[in-house]
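Good morning, and thank you for making time for this presentation. I would like to take you through the overall shape and surface of a structure, chain by chain. Please look at the display before I begin.

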Amino acid sequence: MLWTTAIVFVIVIAFVIAGIVRDGVATRSRGVQRPQVVAVSVAVAATTLILIGLLAASIWTGRTLEAFQAPSAITVNVVGHQWWWEFEYEEGVPAQRVQTANEFHIPVGRPIVLKVTSRDVIHSLWLPNLQGKRDLIPGYTTAIWLQADHPGIYRGQCAEFCGMQHAHMAFDVVAESQADFDRWLAAMRQPAPPPTTASAQHGRDVFNSARCASCHSVQGSVAAGLVGPDLTHIATRSTLGAGTLPNTPEHLAAWIRDPQVIKPGNQMPANPLPD
Amino acid sequence: MTAGELEALNRTWSDPPGFASWFRHVDHRTIGRRYLVTAFGFFLLGGILAALMRLQLSRPDNTIITPDLYNQIFTTHGTTMMFLFAVPVMQGLGVYFVPLMVGAREIAFPRLVAYSYWMFLFGGIFLYVSFLLNAGPDVGWFSYPPLAESLYTPSKRADVWAQLITFTEVASLAVAVSLITTAFKLRTPGMTLNRVPIFVWAQVVTSFMVLFAMPAVMLASTSLICDRLVNTHFFDPEQSGDPLLWQHLFWFFGHPEVYIIFIPGTGIVSTLVATFSRRRMFGYLAVVLSLVATAFMGFGLWVHHMFATGLPQLGESFFTAASIIIAIPTGTQIFCWIATMWSGKVVLKVPMLWVLGFFGVFVLGGLTGVMLASVPLDTQLHDTFFVVAHFHYVLIGGAVFPLFGAFYYWFPKITGRMLSERLGTWVCGLLFVGFNLTFFPMHVLGLHGMPRRVYTYQASLGWGDLNLMASLGAAVMACAVLLFLVDVIRALRVGLPAPANPWDASTLEWATDSPPAPCSFPLPPTVGGREPLWDNAPDQPVVVGLRRDVREVLVTHVLDAEPDHRKVFPAPSIWPLVTAIATTGMFIWSIFTPWGVTYGSIPIFIAMVGWFWPKSPTEGGTRPWPIAHRTLPLPREEPAAGGTI
Amino acid sequence: MSEPRTLDVSALPPGAFGPRALTFWGTLGIVIIEGTAFGLAVGAYFYLATRLPSWPPAGVSPPDLRWGTINTLVLLASMVPNELARRAAEKIDLRRVRIWLAVCLVFAVAFNVIRIFEFRHLNVWWNRGAYASIVWMLLGLHSTHIVTDFLDSAVLAALMFVGPVEEHRFVDVEENAVYWYFVVLAWLPIYGVIYWAPRLM
């Protein structure tokens, strides 16, 4: 596509320049000029052929991409929110379903089917290095597939303007070996272990008594809020706030204290907790 | 005619002087000038908004502009450029030049055109006052629900946007009806359909597109206001509405909209290429048919804005095919232009430089358009800066460059002064360089994954350098526009007086003075060929017998322009302004309460009664009642006398 | 240089009826614009119908046939005085124009009043979902036309009775008739969609 269009561009501009430089006759006669008629007809015909060729190539490519069928695909349900991503692995038993946010893992070399929708406004899921984008439209659930052929961390982002923090709605897909993926999925299935240290227990109490639990859920505890991302395995994620900040204890503390400074307009209120 | 008769004629056609009378002017040249100046003013405002965007995006993680303000800025920039600049400026050129080019002294329905100008102006003021009051729309120029619904945009911002649509669409529709009627019914005798200038054809084709496309966005924006104001559920999925319905309605308008902007641009290019190649356009029939084909096909492309939504692949393929095939009529026009230049003797005056800029920029944009038409490619490029680059290349290349060419070409006619060749060359060169510096890197940014409508981006993504280059390019573009303003001001003060036909062009507007006398044509010429000023015989008949005491215009037959009847056109009137004020009141009131529609209609009704109420006998019209015998022929009756050429 | 020949148009009539008149082309413009709007609204109606499992949705009955059908007949019947007014205008017959414009106004009052009953018997308020919204929008769009048709015919009739009457005012009467035809004929597909489509789907 690129080469064809580039060559066409060069040819057209060359003719324009030639037309300017060349001094024809400043004729005002009404006669038909055969050479021009032939030249323009040839150009139109050539354009038509090139365009039809490009059209055929485009449709063929599209069909190849869409014709994918694979019984061995892993299905992930994706729900877009303002301004974070909810991922859920579709397994047989509801008790075994893994729910996470803003980062998910896939095994290398296996097809993945994403079933996407939105809970609020239109978002768009886009992993530039893995697949074209697909809009997340409330009221619609559509399926898009992808497959990572090489291990790595692939960055994705929202690609449809969805409000104040559309610019900070990224996510990561970690592609790893099948064994690593199985291990990760098994770990994700575990509920949060009960806190052992005193400070951790204090943290859990604060989490449940302050407003945190009304929006966030932690599997294995009483916190079951559905407004914000699931935080069961938040320590395993590499970023906070849908790709806005690296996940470190300092950043997490700053985020909890006042997310509006970091990502103004997002739905999480400030929590001025004592240190 | 004698000098006294000419003076009486000009007095009849003059705009009455004085401040109060300024609001009553209805002459097409006055309103056309106002359209051009006002649209250009909005161009400058939209450009300032763009400069602010480029400032914010010049470095990663920039904090000059808050996300809320940025969202208002990019929405207002797009809305301004599409609704308050691009369409009105092209219509303004039509309002000024279509009557002159067809040899008419006035446009059809002059008061309607005056009304449309006021609606355009008031709509724009409404948008910018809202913006300054922090109530500017902030959900993008295409305002997708559910984001635009009241649940996610509880303020009045989206209502301001939706009602701005209503203002500008009413204005555009009114002008479109007037232009079509002018081109069909007011042509001077001898101007059969195959002798109509290509610029006029382009305006007619565009006007038809306006009539068919704008109802779609009116329906959509009205439905959105209803959703937000009275709880209908067209677009919200919670209650069985459908967000995709909005997209279908909006893009059914939105795609023809870009051709509404581009086709007049091609009309300008055809005019300039012919004049500055010193020969008639090659392939008149092919070009006119291409315009019509483009207009028809333009209505079959809209789903290519929705390729990422997951619609069935077979349906999407149809729209890919249409989006690619529409390049054929456009390409035909390009080849005809090249053939004209090839076989003519090109004179590289400033208007022609702008045509060169058009070729360089628009063709590249058209080719990226072919790329975007492909679904697999589009799913990667959609909603990225690649698309931003594409549409700026086709819109600035296809409309703004021809527009500047048109300014340099027609400025002498409108104002009676010549712009500067030297400054004009600098403006063109600066804009060309600045434009490419700004927008070419955006292709790469899109390919590197930068999405649209983001108020900032992280440094780690590596987009900083290209964004900085784009922002510097924007500064160069701003210099070009400033230099243009300098040239205009200089020309208005001390520019060389312009002759009637400085470019030795062939169309009828050059048969008037520069600027034209109030009556445009003291002796309206008839035509004997497609290039009147080149083809007309020395004794080509001129029209006589129109009244000098009222604004009388000759109405002719649609196909062959044979004289049919005379019509008295309105004298200056305050009613267009009064009606526009009443309409503005109703539109603004109705975004606050539905009763605004009911009660707000009452002043409009009163104003329209005033508008259409018969004037006194001294203001023209037929002989008063009762009459001895009828003077008006029946629909199929031949006129009593008239004569043919 | 020879004197240009002249084309003397002073003997041409000062106006014309029918498609020769400029007003006809203005009316044609309105017809295209509003016709397109109606067409798109009908398209939206059927599009939304594909999105719901049942149409009308469960618990909503289709609009009552009675008032809509009565109004359709009234609108169709109004074409008779409309045509007679139009012909009288072409003949520049002031007496007949006054009579038939007055009769048209009676019909206009009738179909506007019956329209109120139609709204009340749609069997659903506009805020009950997409079906309700599009039905109200379709009926509402057409209603703006019957209201404006009534208003401008009323002003025109008043003018023909009170004066000042002029010859080209008869062209306005004739062109008003054209707009009236559009309003009536555009109603027929909308009637079919609002009242019959939910019963046949």
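A residue is called buried here when its relative accessible area is under 20%. What we have on the screen is a predicted model, and every value I quote is computed from it.

Let me begin with chain C. Of its 201 residues, 56% count as buried by that cut-off. The secondary structure of chain C consists of five helices and one strand, and, read from the N terminus, the order is β-α-α-α-α-α. The radius of gyration of chain C is 21 Å, well over the 17 Å that the globule rule gives for 201 residues, so chain C is more spread out than a compact globule. Along the principal axes, the C-alpha trace of chain C spans about 80 × 50 × 25 Å.

How do the contacts of chain C divide by sequence separation? Taking contacts between residues at least 6 apart in sequence, 82% join residues at least 24 apart.

Turning to the surface of chain C, the accessible area is about 8,200 Å², and carbon and sulfur atoms contribute 69% of it. As for charge, chain C carries 15 positive and 15 negative side chains, with the centres of the two sets 11 Å apart.

I now move to chain A. Here we find seven helices and 12 strands. The radius of gyration of chain A is 27 Å, well over the 19 Å expected from the globule rule for 275 residues, so chain A is also more spread out than a compact globule. Its C-alpha atoms fill a box of roughly 95 × 45 × 35 Å along the principal axes.

Of the 275 residues in chain A, 46% are buried. Among contacts in chain A with a separation of 6 or more, 54% are between residues 24 or more positions apart. The accessible surface of chain A is about 13,500 Å², with 64% belonging to carbon and sulfur atoms. Chain A has 19 positive and 20 negative side chains, and 12 Å separates the centres of the two sets.

Finally, a word on cysteines. A disulfide is a covalent bond between the sulfur atoms of two cysteines. How many disulfides are counted over all chains? The count is zero, taking a pair of cysteine sulfur atoms within 2.5 Å as the criterion. Two cysteines of chain B may be set side by side: Cys226(B) is partly exposed, at 22% relative accessible area, whereas Cys519(B) is buried, at 0%.

Key:
Residues numbered from 1 in each chain as written. Chains lettered and ligands numbered in written order. Predicted model: local features only at pLDDT ≥ 70, side-chain atom pairs only at ≥ 80, totals over all residues. Heavy atoms only, no water. Helix = DSSP H or I, 4+ residues; strand = E, 2+ residues; numbered from the N terminus. Rg over C-alpha atoms; globule rule 2.2 N^0.38 Å. Buried < 20%, exposed > 50% of the residue type's maximum accessible area, 1.4 Å probe, protein only. Contact = heavy atoms within 4.5 Å. Areas by Shrake-Rupley, 256 points an atom, 1.4 Å probe, with all protein chains shown as cover. Lys, Arg positive; Asp, Glu negative; His and termini not counted. Charge placed at Lys NZ, Arg CZ, Asp CG, Glu CD.
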